[in-house]
Amino acid sequence: MTSSTSPNSPRPERPDRAALRGILRRRGFRELALGRALTFFGNSMAPVVLAFAVLDMGGSAVDVGLVVGARSVSNVVLLLFGGLLADRMPRALVLQGAALSAALVQSGVGLAVLLDRAPLSVLLVLSVVQGAAAAVSIPASAALVPLTVPPGELRPANALSRMGVNTGMIAGTSLGGLLAAVAGPGWGMVLNGVAFLGAAFAYRLAGRELVRRDPARRDAGARSAAPAEPVRPWRELREGWTEFVSRTWVWVVVLQFFVVNAVSAGGIQVLGPTVADATFGRTAWGFVLATQMAGALIGGLLVARSRSRHALRIGVAVVALDALPLFALAQSADVLLLMAAMFVNGMAIEQFSVAWDLSLQENVPQDKLARVYSYDALGSTLALPLGEMAAGPLAERFGVRPTLLCGVALVALVTVGSLCSSQVRGLTTGEPVPDRSAPQGAEA
């Protein structure tokens, strides 16, 4: 972009910087972003400490896959329920309940690990509860963002929210590896519990701010707290499904991530700790994961200032860079090369994530947004347990390197396939969809 300011005139403050600061002054958004950051801090540390807890018990890569995969199974089973709940109940209240549940379970299991009273079955239960809490909170938190800022601020708001998320993930992944190496995985779980407790408090403050700002919206953007007609879950799920399948670009990208997420989960979450334990160590692995999140943080700064109207096309294309860390692991690359690959991958992830959130929020009616997010999350994560549970047996059968290289090929193939869709290539952003829903949260 070229500036319209003449060389001799005083240089004004960049509008994007002023917009970013203005968004951060909005209390409801700021508190929601804090809650999301704390939630992802705990969620990003959880698979790291869980994996090393299993390995400390003498478990294998197959056992790691079972424990990590149990979370994904629980998440997949309850995702649609989470979207339906977030479209009918106060979204901030849904987030509070999920965070409090995660805090109690994480703290309890962490203490059991510290006391050597946490067998593999207990870690499986922890994974299931984590997955259930995430299934409820993912659609609610994503659908709540548009209600905290005006429509014209959605792109930078999504970028800022994800920058907070990535900051939490950087801290979570690095501390997870460090605590597992120095103090033991149990302390990581206890710290998770504290983080989720803080997230619940932040969500409560965000909900109160939305009610204070607009008392008529007591459900923070969901449907009326006292609907006139009875609840019909199956009909409402069908409404969400209709919104989902009516847009080709939505289900094409979700299908792409059905493959990409499965490959990345198996390669990074399961085979990554196994390779790290055999080569450069746990502490270095924690920093490798943190480097990916650092790349995402830088990517967030870039995308917050972007004005591209074809954000989805660019975001989908750079998903191909998900193959870089897998390729580096397959080549037994040194830590510095692997960190570089993860950094570039993190930047690419952020470009896609903001473009995807913006595309959904601007093109799906608010009263159905959480349900569409739940179908999106379901499709994108449905293969996670398959990828996580299959990675160990495949690596034992064919070897770690061939398994990772096969993943590289799959990521490249599905990315090219997604870009073959004219709707993916042609979708533009900047024109929010009219909200066709009934008055939101109006008192009867």
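In this predicted model, asparagine 345 sits in helix α13, the stretch that covers residues 335-363. The residue is buried, and its relative accessible area comes out at just 3%. Being under the 20% cut-off, asparagine 345 counts as buried because its relative accessible area is 3%. Its side chain is not left without a polar partner: the side chain of asparagine 345 reaches the backbone oxygen of leucine 321 at 3.5 Å. Leucine 321 also turns up among the contacts of asparagine 345, together with Gln292, Asp322 and Pro325, once residues up to four places away in sequence are set aside.

Turning to charged pairs, the salt bridge count for the model comes to three. Two of them share arginine 27, and the place to start is helix α2. Here the side chains of arginine 27 and glutamate 31 meet in a salt bridge, with 3.6 Å from N to O. Both residues belong to helix α2 (residues 27-56), and they are four residues apart, or about one turn of the helix. The two ends of this pair fall into separate burial classes: arginine 27 is partly exposed, at a relative accessible area of 42%, whereas glutamate 31 is buried, at 10%.

Arginine 27 has another acidic partner, glutamate 209, and the side chains of these two meet in a salt bridge at 3.7 Å, N to O. Glutamate 209 lies in helix α7 (residues 185-213) and arginine 27 in helix α2, so this pair ties together parts of the chain that are 182 residues apart in sequence. Glutamate 209 is buried as well, with a relative accessible area of 7%. Put together, Arg27, Glu31 and Glu209 are linked in a network of salt bridges.

The remaining salt bridge joins glutamate 243 to arginine 247, and the closest N and O atoms are 2.8 Å apart. Both partners are on the buried side of the cut-off: glutamate 243 has a relative accessible area of 10%, and arginine 247 has one of 14%.

As for the nonpolar interior, the largest core has 70 residues. The members with the most contacts inside this core are Leu123, Met189, Trp249, Trp285, Trp356 and Leu360. Helix α9, which spans residues 248-278, gives the most to the core, with 13 residues. Leucine 123 is a good example of how such a residue is surrounded. Leaving out residues up to four places away in sequence, leucine 123 touches Leu50, Ala53, Val54, Met57, Val67, Val109, Val113 and Met189. Met189 is thus both a contact of leucine 123 and one of the residues with the most contacts inside the largest core. There is also a second, separate core of 19 residues, and its members include Ala98, Ala133, Ala140 and Leu210.

Some space inside the model is left unfilled. A search of the whole structure finds three cavities of 30 Å³ or more. The second largest of these holds about 80 Å³ of space. Its lining is made up of 13 residues, and those nearest the centre of the cavity are Thr39, Ala133, Ala134, Ser137 and Phe196. The elements that give two or more residues to this lining are α2, α4 (91-114), α5 (120-144) and α7. Ala133 therefore has two roles in this picture, as a lining residue of the second largest cavity and as a member of the second core. Helices α2 and α7 likewise appear twice, in the lining of this cavity and as the helices that hold arginine 27 and glutamate 209.

Conventions. Residues are numbered from 1 along each chain as its sequence is written. Side-chain values use heavy atoms; hydrogens and water are left out. Buried means under 20% relative accessible area, exposed over 50%, partly exposed in between (1.4 Å probe, protein chains only). A polar contact is a pair of N or O atoms within 3.5 Å; within protein, one must be able to donate a hydrogen and the other to accept it, and residues adjacent in sequence count only if both atoms are side-chain atoms. Contact means heavy atoms within 4.5 Å. A salt bridge is a side-chain nitrogen of Lys or Arg within 4 Å of a carboxyl oxygen of Asp or Glu. A nonpolar core is a set of buried Ala, Val, Leu, Ile, Met, Phe, Trp, Tyr and Cys residues joined through side-chain atoms within 4.5 Å. On a 1 Å grid over the protein atoms alone, a cavity is a set of points where a 1.4 Å probe fits but cannot get out, and a pocket is an open set with protein on both sides within 12 Å along at least five of seven lines; lining residues have an atom within 4 Å of a point. Grid points are joined across faces, edges and corners, and a volume is the space filled by probe spheres set on the points.
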